[in-house]
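Here is a friendly walk through one protein chain, written for someone who likes to look at side chains. Please keep the viewer open as you read.

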Amino acid sequence: MIPSELSKELLELVCDLYQLPSPAGIVSLGGDDNRVYKMSIPGQGDRVLRFSNPDSGTEQKILSEFLVLEHLRKNTGLNVPSPIRDKQGRFFTTIDGNNRSGPWQISLFSYMAGDILSGKQLTTDKLFLVGQTLARLDIALQKADKAIKPTPSKIRARRDGKEIIKWALIPFSRDDFDGSFPGTKNAEKSLHPVLSRISERLQNGCKKLKRSLPHQLLHLDAHLDNLIFDGLKIGILDFDNMAYGPRIYELAAPLHTLYEMDGSKQLNRVPNGLPDLIKALLAGYENHIPLSQTERESFPLFQALRLFAGLAWAVGSRDRPGWKKWLLLNGDATIHHIEALLDEYESNTADKKKFVPKIWYQKAIDIHQWFFKQEKK
């Protein structure tokens, strides 16, 4: 259990670990798997204190996260959290559970100032900047993955479509889930057939694309609550969910919030609303990383996959008032968006011939030419 309040004993431990004076103020920044606090340190500015609730293999995973962050800080101009080592030179310290509700892993970061993008008036210029930032991040993560040993992509989870769908289906299959969402027009309406159909369509699409898309180490959770704007550039928070997966999925993360904002009429000031913002996001990304035709055609599929995963998270957290309200406001609309995006993806690929990887096509030509030469002999 992660502490919801910092006790005097815990604060003294943190201050000793990082050789800090007593903080002048502490503000909770929230968090689920990680509980995060902003600490104001006299004469030193602000720091961010994070408590992680570890499970099997977490220490290796967290270490890879901090090594990547340190690499990005030293080798790129990206605005990312800077982990601070404790007095023993460690990135984090694990505290056992004796007389506490632990174990916990304590880590400290520099504070990044700025406004969370989900609370800002969004424009195509800002989304273009988000796209550019994510492309620069993907390039940097690919380099970091090669520079750090063992490579983070071997330590972090694999997040291909099949695994995401498998994870997303768990909350829907819980015994206490009756198949309906708050807010459905017919309270008796069962959504099991709808969810089953969506899952099947997602799986079919991801299965076809598994080997035809570029994969790499990705942030994978760069939604608008994890992006901050300081008036000059975008800062990226929360690298806890880094994983190895299809590159195009990175671009789907910011869109979950945009669909919600579109539904609540918060994008009215953008001339063509959501379509223009998505177009700007892609254009910004392609300013650094050109997307293949297959990636472009599959983008609606990965948007649908991201929305489906977000819906599953909300269903799994529906006993919390905030998520119950979210389902009430967005449950039905999210399902509608998912199905519309799947329609778009299937329309994009309906007339396409079966994908043949270039390398295998070339090998087939080589073999044919070899037999032809043998016959001539």
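The report below starts with the overall fold and then turns to charged and aromatic side chains.

## Overall picture

Please keep in mind that this is a predicted model. The protein has 377 residues, and 47% of them count as buried. Its secondary structure is made up of 11 helices and 11 strands.

Contacts over long stretches of sequence are well represented here: among contacts with a separation of 6 or more, 73% join residues 24 or more positions apart. On the outside, the accessible surface is about 20,000 Å², and carbon and sulfur atoms contribute 50% of that area.

## Salt bridges

How many salt bridges does the count come to? The total is 12. One of them joins lysine 87 to aspartate 16, with N and O 3.1 Å apart. This pair links distant parts of the chain, since lysine 87 sits in the loop between strand 4 (83-84) and strand 5 (92-95), while aspartate 16 belongs to helix 1 (residues 8-17), 71 residues away. Both ends are partly exposed: lysine 87 has a relative accessibility of 40%, and aspartate 16 has 42%.

Another salt bridge pairs aspartate 86 with arginine 90 at 2.9 Å, N to O. Is aspartate 86 buried or exposed? With a relative accessible area of 6%, aspartate 86 is buried, whereas arginine 90 is partly exposed at 36%.

Glutamate 339 and arginine 197 also meet in a salt bridge, and their closest N and O atoms are 3.0 Å apart. Here helix 10 (residues 321-349), which holds glutamate 339, is linked to helix 6 (residues 192-209), which holds arginine 197; the two residues are 142 positions apart. Arginine 197 is partly exposed, at 40% relative accessibility. Elsewhere, Glu70, Lys74 and Arg85 are connected in a network of salt bridges.

## Aromatic pairs

Searching the whole structure gives 7 aromatic pairs. In one of them, the ring centres of phenylalanine 51 and tryptophan 104 are 5.8 Å apart and the planes stand at 85 degrees, so this pair is edge-to-face. Phenylalanine 51 lies in strand 3 (residues 45-52) and tryptophan 104 in strand 6, so that distant parts of the chain, 53 residues apart, are linked. Phenylalanine 51 is buried at 0% relative accessible area, and tryptophan 104 is buried at 5%.

Phenylalanine 66 and phenylalanine 109 make another edge-to-face pair, with centres 5.3 Å apart and planes at 70 degrees. Because phenylalanine 66 is in helix 2 (residues 58-75) and phenylalanine 109 in strand 6, this pair ties together parts 43 residues apart in sequence. Both residues are buried. They also belong to one aromatic cluster, formed by Phe66, Phe91, Phe92 and Phe109.

## Tyrosine 111 and charges over rings

Tyrosine 111 is worth a stop on your tour. Where is tyrosine 111 found? It is in the loop between strand 6 (104-110) and strand 7 (115-116). Tyrosine 111 is partly exposed, with a relative accessible area of 31%, and together with Val27 and Leu29 it makes a nonpolar surface patch of about 250 Å².

The ring of tyrosine 111 also has a charged companion: lysine 38 lies over its face, 4.5 Å from the ring centre. A similar arrangement places arginine 158 over the face of tyrosine 244, at 4.5 Å from the ring centre.

Note on methods:
Residues are numbered from 1 along each chain as its sequence is written. This is a predicted model: local features need pLDDT of at least 70, side-chain atom pairs count only at pLDDT 80 or more; totals for chains, interfaces and linings use all residues. Side-chain values use heavy atoms; hydrogens and water are left out. Helices (H or I, at least four residues) and strands (E, at least two) are DSSP runs, numbered from the N terminus. Buried means under 20% relative accessible area, exposed over 50%, partly exposed in between (1.4 Å probe, protein chains only). Contact means heavy atoms within 4.5 Å. Accessible areas come from the Shrake-Rupley method with a 1.4 Å probe; for residues, only the protein chains shown count as cover. A salt bridge is a side-chain nitrogen of Lys or Arg within 4 Å of a carboxyl oxygen of Asp or Glu. Patches are made of residues with over 30% relative accessible area and no salt bridge: like charges are joined within 9 Å, nonpolar side chains (Val, Leu, Ile, Met, Phe, Trp, Tyr) within 5 Å. Rings of Phe, Tyr and Trp (its six-membered ring) pair if their centres lie within 6.5 Å; planes under 30 degrees apart count as stacked, over 60 as edge-to-face and the rest as tilted. A charge sits over a ring if NZ of Lys or CZ of Arg is within 6 Å of the ring centre and within 35 degrees of the ring normal.
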